[in-house]
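Me: Could you take a close look at one part of this structure, namely the way its neighbouring elements pack against one another? I would like to follow the reasoning step by step.

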Amino acid sequence: MTAQQLWITSLALAALGLLLLAGALVWQLRRSVRAQARVGEVLQTREASAAVIAPFPMPGANPLPGLGASDKAEAAMVQSVANSLKPPAWLQSGLSRALFADEDRKLMEQAGLEIARGGLIYVISRVVLALLLPMLVMLVLAPQGSKALIYGFAAFGLGIMLPKWLLRSKAANRRRCVVEELPLFVDLLRLLQGVGLSMDQSMQILATEFNSVLRVIGAELALANRLHSSGRTREQSLQRLAHLGADDDLSAVVNLLVQVDRHGGAVQDPLKEFSLRLREKRQASFKERIGVITVKMTGVMVLTLLPALLVITAGPGFTAVIRSLSSMGGR
C-alpha cells in the first residue's frame, strides 16, 4: 500500500470511531430524555392517585389551591426553560467535555442558544466537520507525501475550530447589540420607575412592551422574569443577563437592580447618574472612532486625491515643457 492509501485508510478508521462515539452520545441523550419523561409520568400518576384517595379536604386541614390549566402550562414552560439552561448529563462525559468546554458554554449563553439543543448541534458539527474536511481535501487536492499530512492536519484543525469561530462571532454581535441597547434600557427603566411602578412591573413591561427596540435585553428579561416567577431569586434570575455584556456597565446595572430588590430604596437618581455616564462614555467612543476614521481617510486621500491634484496643477506645466521640447526638436 502507498502512503496515500494508508493515510486514507487511517482517516476512514478515525471517522468510523468518531461516528461510533457520536452514536453513543446520541444514545445517552435519548436515555436521559426517556428518564425525564418517565419521572414526569410517575409524578403525574402520584398526583392522580392522591386526588383519587383524598378528593375532599380533611377537617382542620389547609389544602393548597389547585392549579388551573394556565398555571400548569406556565409551570411546564418554566420547567422547560430551566431544563434548557442546564447542560444534559451526556455533555459531562470525557470527549463531550473536551469538545464542549466551559468557555464554549459561556459563548453559547452569550449567543442566546439553548445549552441542551445547541450543545448537541455544536458537538456533532465539530465531529462531522473534523471528519469531512480532511476527506474532501484528500479527494480534491490529492496531495502526496508530507503535503498530505500537513493538509490533513490543517483541515482537521479547521473542522474543529470553525463551529467555535462561528459561535464566537454570533456572541460578539450579540454583545455589541447589548452595548447599543443599554442606554435605552436604563432610560426606559428610569421612566417606568418615575411613574410609580414597582421593579417587577417595570421588568415585565420592558420584556413585553419594548421587546421590539430591546431585542436582546428584552429576550433576556423575559427569561429572567420566568425564572423569577418559578421561585428563583432576582439575583439568580438576572445572573445570565449580568454575564451578557461586553463590559462592566451591564453588570453594574444588574447589581443595582438586585440591591434595590433586596434592600429597597429609590433607584431614579442612581439610574440618572448611570445614564449620564453611559452617554459620556458613548460620546468618547464616537470621538475615538472619528479620530480613527480621520487617520484612515488620510491614506485614502493620498492614494486617490494626490494623483488628481498633480494632474490638475502640474499638468499645464508638463504640457508646455513637452511642446517647447518638441518645437526645439523640430527646428
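**Helix against helix**

Reply: The crossing of α4 and α6 is left-handed. Please keep in mind, as we go on, that this is a predicted model. Two packed helices are described by the angle between their axes together with the distance between those axes. For helix α4, residues 102–110, packing on α6, the angle is about 45° and the axes are 8 Å apart. Because an angle counts as roughly parallel under 35 degrees and as roughly perpendicular from 65 to 115, α4 is oblique to α6. On the α4 side the contact is made by Glu-103, Asp-104, Leu-107, Met-108, Glu-109 and Gln-110, and on the α6 side by Lys-164, Leu-167, Arg-168, Ala-171, Arg-174 and Arg-175. Sorted by class, these residues divide into seven charged, four nonpolar and one polar.

Helix α6, which covers residues 146–194, also packs on α7, where the axes come within 10 Å and cross at roughly 135°. Since only angles over 145 degrees count as roughly antiparallel, α6 is again described as oblique to α7. Here α6 passes α7 in a right-handed crossing. Phe-185, Leu-188, Leu-189, Leu-192 and Gln-193 of α6 meet Met-199, Ser-202, Ile-205 and Leu-206 of α7, and the residues of this contact divide into seven nonpolar, two polar and no charged.

Helix α7, residues 199–208, in turn leads us to helix α8, residues 215–229, for their axes come within 8 Å and cross at roughly 135°. That angle makes α7 oblique to α8, and the crossing by which α7 passes α8 is left-handed. In the contact, Asp-200, Met-203, Gln-204, Leu-206 and Ala-207 of α7 face Gly-218, Leu-221, Ala-222, Asn-225 and His-228 of α8, which by class gives five nonpolar, four polar and one charged residues.

If we stay with α8 for a moment, its 15 residues reach 21 Å from the first C-alpha to the last, close to the 21 Å expected at 1.5 Å a residue. Its buried residues include Gly-218, Leu-221 and Asn-225, and those three also appear in the contact with α7. Val-216, Ile-217, Glu-220, Leu-223, Ala-224 and Leu-227 are among the buried residues of α8 as well. Just after this helix, Gly-231 takes a positive phi of about 120°.

Helix α11, residues 249–263, can be read in a similar way, as it has 15 residues and spans 21 Å between its first and last C-alpha, close to the 21 Å expected. Asp-249, Leu-250, Val-253, Val-254, Leu-257, Val-258 and Val-260 are buried in α11, and Gly-264, just after the helix, takes a positive phi of about 80°. Asp-249 lies 28 residues from Arg-277 in sequence, while in space the two are 9.8 Å apart, C-alpha to C-alpha. Arg-277 is found in helix α12, residues 268–330. Because its relative accessible area of 45% falls between the cut-offs of 20% and 50%, Arg-277 counts as partly exposed.

Finally, to place these helices in their setting, the protein has 12 helices and zero strands. Buried residues make up 29% of its 331 residues. Of the contacts with a separation of 6 or more, 67% come from residues 24 or more positions apart.

Definitions and conventions: Residues are numbered from 1 along each chain as its sequence is written. This is a predicted model: local features need pLDDT of at least 70, side-chain atom pairs count only at pLDDT 80 or more; totals for chains, interfaces and linings use all residues. Side-chain values use heavy atoms; hydrogens and water are left out. Helices (H or I, at least four residues) and strands (E, at least two) are DSSP runs, numbered from the N terminus. The expected span of a helix is 1.5 Å times one less than its number of residues. Buried means under 20% relative accessible area, exposed over 50%, partly exposed in between (1.4 Å probe, protein chains only). Axes are lines fitted to C-alpha atoms, for helices over the stretch in contact, and angles run from 0 to 180 degrees between N-to-C directions. A crossing is left-handed if the near helix is turned anticlockwise from the far one by less than a right angle, and right-handed if clockwise. Contact means heavy atoms within 4.5 Å. Ala, Val, Leu, Ile, Met, Phe, Trp, Tyr, Cys and Pro count as nonpolar, Asp, Glu, Lys and Arg as charged, and the others, Gly among them, as polar.
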